[in-house]
Amino acid sequence: MTSTSSETRPFGAADLGTLVVLAWSGEAPDGDMPYLLAYPLGDAPNGPEASSAAVAQLLKNAGLPVGGELVDAATRPSLPVSMLVEGGQAVVTMPGCNAQCVPPPEWLAAVAERGYAYLVFTTRPWPEAEPGKPLEADALAAFAGSEETLNSAAHVVLPARKLRG
């Protein structure tokens with residue numbers, strides 16, 4: 001008889017390399033949709049494959065399936081992934097990883113109206129899109145909309161939380 005272990009495997013944080021989060025909004029039939037794209041640069045010491053594997057393990061440990069199944073975090077309160085939108089910033093928190101970005105005003109308006117953002121967290125490295133380097137809208141659309149990126153990603157609807165005051 002064999003059994004499958006359901007234990008959470010640790011991932012090598014050093015193998016993640018640099019993780020980047022981008023925020024943008026796009027037109028949808030019912031108004032602007034706020035998106036977040038999280039991806040590795042692939043600059044881990046052991047290379048892009050190690051980055052991809054570490055991100056895949058990070059997502060698995062958080063209970064996020066890779067490959068297209070949409071997870072609605074509002075219906076899964078035990079999901080250890082959340083998004084805080086406060087002071088003009090968005091912070092995504094999950095076990096082993098916190099990512100922060102300063103979204104554009106139109107993203108903040110869209111998330112304020114909808115109350116959530118759509119997170120695409122891909123295991124696919126994008127070394128050309130380094131933080132601080134200008135990014136063309138066409139390049140973002142090509143990467144974020146490619147089948148390879150979408151099929152190697154976790155897709156999550158994240159409610160926007162605020163600090164209580």
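Let us start at Asp 32, which is partly exposed with a relative accessible area of 37% (buried means under 20%, exposed over 50%, partly exposed in between, with a 1.4 Å probe and protein chains only). Asp 32 sits in strand S2, residues 31–40, and joins Glu 27, Glu 106 and Glu 113 in a negative surface patch. Patch residues have over 30% relative accessible area and no salt bridge, and like charges are joined within 9 Å.

This is a predicted model, where local features need pLDDT of at least 70, side-chain atom pairs count only at pLDDT 80 or more, and totals for chains, interfaces and linings use all residues. Residues are numbered from 1 along each chain as its sequence is written, and side-chain values use heavy atoms, leaving out hydrogens and water.

Stepping back, the chain has 5 helices and 8 strands (DSSP runs, with at least four residues for helices, H or I, and at least two for strands, E). Of its 165 residues, 39% count as buried.

Now for the salt bridges, of which the structure holds 3 (a side-chain nitrogen of Lys or Arg within 4 Å of a carboxyl oxygen of Asp or Glu). One of them joins Asp 30 and Arg 114 at 2.7 Å, N to O. Asp 30 lies in the loop between strands S1 and S2 and Arg 114 in helix H3, so the pair ties together parts 84 residues apart in sequence. Asp 30 is exposed at 54% relative accessibility, whereas Arg 114 is buried at 17%.

Terms used:
Patches are made of residues with over 30% relative accessible area and no salt bridge: like charges are joined within 9 Å, nonpolar side chains (Val, Leu, Ile, Met, Phe, Trp, Tyr) within 5 Å. Accessible areas come from the Shrake-Rupley method with a 1.4 Å probe; for residues, only the protein chains shown count as cover. Lys and Arg count as positive and Asp and Glu as negative; His and the chain ends are not counted. The place of a charge is taken as NZ of Lys, CZ of Arg, CG of Asp or CD of Glu.
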